[in-house]
Protein chains: 2
Amino acid sequence: MPQYTPPLRDMHFVLHELLDATTALKQLPRYADFDAETLNQILEEAGKFAKEVIFPLNQSGDAEGCTRHADGSVSTPKGFKEAYRQFCEAGWPALACEPDYGGQGLPELVRSVQYEMLNSANQSWTMYPGLTHGAYAALVAHGTPEQKQTYLPKLISGEWTGTMCLTEPHCGTDLGILRTKAEPLADGSYAITGTKIFISSGEHDLAENIVHLVLARLPDAPAGTKGISLFIVPKFLPRADGTLGERNGVVCGAIEHKMGIHGNATCVMNFDRARGWMVGEPNKGLNAMFVMMNGARLGVGMQSLGLAEVAYQNSLAYAKERHQMRSLSGPKAKDKPADPIIVHPDVRRMLLTQKAYTEAARAFCYWVALMIDQEHHHPDENVRKDCADLVALLTPVVKAFITDNTFESTNLGLQVFGGHGFIKEWGMEQYVRDARINMIYEGTNTIQSLDLIGRKVLSDGGARLMKFGKLVQAFIAENNGREDMKEFIEPLMDLGNKVTQLTGEIGAKAMKNPEEIGAAAVPYLRVVGHLVYAWLWARMARIALDKPSDGFYQAKLATARFYFAKLLPETAMLIRQARAGSAPLMALDAALF
Amino acid sequence: MPQYTPPLRDMHFVLHELLDATTALKQLPRYADFDAETLNQILEEAGKFAKEVIFPLNQSGDAEGCTRHADGSVSTPKGFKEAYRQFCEAGWPALACEPDYGGQGLPELVRSVQYEMLNSANQSWTMYPGLTHGAYAALVAHGTPEQKQTYLPKLISGEWTGTMCLTEPHCGTDLGILRTKAEPLADGSYAITGTKIFISSGEHDLAENIVHLVLARLPDAPAGTKGISLFIVPKFLPRADGTLGERNGVVCGAIEHKMGIHGNATCVMNFDRARGWMVGEPNKGLNAMFVMMNGARLGVGMQSLGLAEVAYQNSLAYAKERHQMRSLSGPKAKDKPADPIIVHPDVRRMLLTQKAYTEAARAFCYWVALMIDQEHHHPDENVRKDCADLVALLTPVVKAFITDNTFESTNLGLQVFGGHGFIKEWGMEQYVRDARINMIYEGTNTIQSLDLIGRKVLSDGGARLMKFGKLVQAFIAENNGREDMKEFIEPLMDLGNKVTQLTGEIGAKAMKNPEEIGAAAVPYLRVVGHLVYAWLWARMARIALDKPSDGFYQAKLATARFYFAKLLPETAMLIRQARAGSAPLMALDAALF
């Protein structure tokens, strides 16, 4: 049976030592009184909930899955409903929500750290409140005052949950061709008709009502993405007094049988003249949905951070307990018939890869979450703009780089277990299966890479990228005199220069041939991801260098060195791949494949 | 529902154009009359069986899995038994077996090509006859005349199946510490007692008897790997007249619930004073088992070749059918609302990666299989020795390089399907799950890499590696004047030089610190794998260059160029990783991880 311990020490390191987060938050008037002690207390409680309440449901939820009944209702695995009740009773859904509607008004950063733990404990379960928070965010940003009054308090209390209804059978990536229709009704509402697929948490038994946010087309809408509007379609129509009225015309037609995340109901949702209300402006639904989508993309990165952490914890424990073969440099556990496998260099490679990727991902996610708070609440408009630009730039990197790395990490965790890794009871193979979806949903990792290079980097001539580059340069300048930082600063500077050069090259080639963007996008995103990680690991190493006698910091320093020696060299491959351009991809006629 | 078509055209290309296999086989007196037409006919029939009989059972077998009953018996999924009956009736198990015992005496190469197709169609099912052939090979090499007479005809006809019983709960990689006991009995047989786990095909309903080959210790055996003997332990004891006698004391105690290969029963086998007969010499069981193990390692490579092929076929079909987004260089399917996704550069990257890895793996596997025939039957002792050395050198590369690449390929195949790839009915996620075990069993890929660098390369001062190097050099010399081959010859030569240099460096470092071997092994194996693939792709490109007007060869040339442009650059990363050495891995105290 797998185990999980909330990594509070490592979280404190990132929050307090790397980011100095409460100092940063105190500069936002809204969080002037928010202190480190409060933060730590919340995280300790959140960790307890994750570990004690939902982690024990992870394997059983995977084995049982969800069940759809003949009437279209869906049961979640045993224990999910009770755990959700406890989650709501403790007030967790309200954590980072607006006080005006019943929220606790805490920073997004706090919710993000909590989500790491929830996802380590049980990604499938966490998707129910996770999507609810996404629907909450979209309505906060784009709902009418009346919509906010009707829906936000219920989403914040967790009494109602939310979904995102985008994908249709013939379109996922290409939302421009979606067909679901919205016909205006006399009372200002709309009749929504169509089929949506892959709707996570689309139907279930955790909450009394489900609020679907649905993309659909008005009758006179222009073709393509500029003809899509967003609608609220509740499962039960709320009455004016807040109680539930009639059942709406939206039903779950089927649930999918999937590789992983079995505990989350992935539904086909049929809308048959379901009553809906428009959110935001006509034909601008995609903009409104993107509030939810961007949050969801960061959330997917957090899901993979959570899985990487729990997989690492378990493979580390196994590597210390399992005795097999002797160390190449002579027996270490002389009283045992074999040494613990953690003595073997390649087992250490697998563990350190997991550790280096997981801890960098944590630093990356928390930093971006902190910037979201700053983007929303910093008194200085310039800071808000800078943070917004960096969040926009880095969102696809969080999503794609972390989910790809976590798929590798969970697989390495499985591999450490040898044959036992392939057996369900050890729990490792579930982490691989659950991690696999994160590379696909909320925009495939290819789409993320196109978003980065096309929309976030080349579209503004590299201005957003330069904002990140300045942070890297400032850190380099700050440490230029330190002999002990040379091993980190030199490769960081080198990679920074290479990213600048590569970006220019791709931009120049793309002017002549737009296929060059598509050809370079995936390796380019990973190069940028490594620049972020190299910068973060160099920063973490500097903190560690100043505390040489403490084991925790020795581990940080050793992991930083491992990252620079063994993982950063991937950039040598990636840059060659990006430079090789589009010709080797496009030369072959499709019929000849 | 997935589809599968035996890739006969590509098989013919490798067999006849790349390897000129029947010419090579005709030099072996045993196969003097074996011609291309016969080979092609056998493959066509074998392909029909794979496609029509066992491919339709692949998804249903995964969904149903195996069932163990209270009496210890195990049922395989619906249809498996009937398919196995047809397989035996058609004489397929006898294909490459000794005519003296009822075999057809055909080349190992033919069986290998057939196994690719069987594994494309249904890896779980194919493991039943696959392990049987392994048991057959071990008994041919090490059995007494009486053992051969008793067991070989039944294994060749398929009436009985075979297993390998190595792993125990406390040891997999480290067989030196295994505990199963073998006590001598008065009649020359042994009483075998112990527990074996992860026994593929350990118990099932396909055949009337199961022949277990079991590693165990004699009472006076020395500790470690030099105290292990090999025993035949049949489920039912054969009577002198060949009929089945009493039930032996070996029972299936449980079957494992696994990530994949659900259709194969992975058993815990309990031996309780089961009667067994020694195979080969006392305390030399591991040598005898290694005949089976080496065959099994090549077989695992073939399993992954098969999965890579079928995953590629399905993702290619989907990429042509699925319409989503417009090409970056303007609409291609103007009559449709979107273009087929094969127009997109990154979709092509995913398809071409699969294609390049699969076709190189096919060339690699068939070449090694041909060398096995030459090793066994060539009249010239020097040729036999050269082939034996090359097979020994390349066995761990076939196993680890192909299975790692196939895990990547099947995952890319899944990714091409987007969200649909995660859904069971499309079949892609099963290929990923089934492919995952191939990186673990028959020696993890780490063990393969240690075998390569330690036992196969450094142990003879690089002599075996040099034999392969000479083949590469000869090809380079042969093509040095050809301008049109320059794009392949130059990087091939460069990589050859780098492998020579890297090998020397690792050898020198290992003299001072044995951990350096463990630290370099995994990236080193992949570098060697790329040298093999670069050589094979350069050879295939040369064939294609001479037939420029035919689409099949255009595709070969384009795939070769893709391989050199986009996949070979991995060596830039791998060489850096190998050179980074053991310090970054070994620095951290285990307690501080």
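**Interface, salt bridges and selected residues of a two-chain model**

Between chain B and chain A, the count of salt bridges is 0. The structure is a predicted model, and the interface described here is that of the prediction. Polar contacts are nevertheless found across the interface of chain B and chain A, in 36 residue pairs with both members at pLDDT 80 or more. The contribution of chain B to this interface comes most from helix α9 (residues 345–377), which gives 8 residues to the side that touches chain A. Sorted by class, that side of chain B holds 47 nonpolar, 22 polar and 19 charged residues.

The extent of the interface can be stated both in residues and in area. Contact involves 88 residues of chain B and 89 residues of chain A. Together the two chains bury about 7,600 Å², and carbon and sulfur atoms account for 66% of this area. Of the area that chain B buries against chain A, 11% is supplied by B:Phe422, B:Lys566 and B:Phe593, more than by any other three residues.

The arrangement of the two chains was examined by superposition. A turn of 180° with a shift of 0.0 Å along the axis lays chain B on chain A with an RMSD of 0.0 Å. This is the relation of a two-fold axis. Of the interface residues of chain B, 100% are also interface residues in chain A, so the copies meet through the same surface.

Salt bridges were then sought in the structure as a whole. Side chains of opposite charge can pair when their charged atoms come close. Over all chains, the search finds 82 salt bridges, whereas the count between chain B and chain A is 0. In chain B, one such pair joins B:Asp460 and B:Arg464, with an N to O distance of 3.4 Å. B:Asp460 is partly exposed, at a relative accessible area of 27%, while B:Arg464 counts as buried at 18% relative accessibility, a value under the 20% limit for burial. Salt bridges with shared partners also build a network in chain A, made up of A:Asp10, A:Glu116, A:Glu309, A:Lys355, A:Glu359, A:Arg362 and A:Lys556.

Two further pairs in chain A illustrate the settings in which salt bridges occur. A:Glu429 pairs with A:Lys424, and their closest N and O atoms are 3.6 Å apart. A:Glu429 is buried at 1% relative accessibility, whereas A:Lys424 is partly exposed with a relative accessible area of 28%. A salt bridge of 3.8 Å, N to O, links the side chains of A:Lys284 and A:Glu281. A:Lys284 counts as partly exposed, its relative accessibility being 43%.

Individual buried residues in helices were also considered. In chain A, A:Thr559 belongs to helix α16 (residues 551–567) and is buried, with a relative accessible area of 0%. Apart from residues up to four places away in sequence, A:Thr559 touches A:Leu352, A:Lys355, A:Ala356, A:Glu359 and A:Trp537. Among these neighbours, A:Lys355 and A:Glu359 are also members of the salt-bridge network of chain A.

A:Ala296 lies in helix α8 (residues 285–321) of chain A and counts as buried at 17% relative accessibility. The C-alpha atoms of A:Ala296 and A:Gly134 are separated by 6.6 Å, although the two residues are 162 residues apart along the chain. Neighbours within four places in sequence aside, A:Ala296 is in contact with A:Met164 and A:Glu442.

In chain B, helix α2 (residues 21–26) contains B:Leu25, which counts as buried at 0% relative accessibility. With neighbours within four places in sequence left aside, the contacts of B:Leu25 are B:Tyr31, B:Ala32, B:Phe34, B:Pro107, B:Leu109, B:Leu370 and B:Asp373. Between the C-alpha atoms of B:Leu25 and B:Gly496, which are 471 residues apart along the chain, the separation is 29 Å.

Finally, two loop residues other than glycine have a positive phi. A:Asp20, with phi near 45°, is found in the loop between α1 (8–18) and α2 (21–26) of chain A. At 38% relative accessibility, A:Asp20 is partly exposed. For B:Ile261, phi is near 35°, and its loop runs between β10 (250–255) and β11 (266–279) of chain B. B:Ile261 is buried, with a relative accessible area of 1%.

Definitions and conventions. Residues numbered from 1 in each chain as written. Chains lettered and ligands numbered in written order. Predicted model: local features only at pLDDT ≥ 70, side-chain atom pairs only at ≥ 80, totals over all residues. Heavy atoms only, no water. Salt bridge = Lys/Arg side-chain N within 4 Å of Asp/Glu carboxyl O. Buried < 20%, exposed > 50% of the residue type's maximum accessible area, 1.4 Å probe, protein only. Contact = heavy atoms within 4.5 Å. Buried area = accessible area lost by both parts, 1.4 Å probe. Polar contact = N/O pair within 3.5 Å; in protein donor to acceptor, adjacent residues only side chain to side chain. Helix = DSSP H or I, 4+ residues; strand = E, 2+ residues; numbered from the N terminus. Nonpolar A, V, L, I, M, F, W, Y, C, P; charged D, E, K, R; others polar. Least-squares fit on C-alpha atoms with pLDDT ≥ 70 in both.
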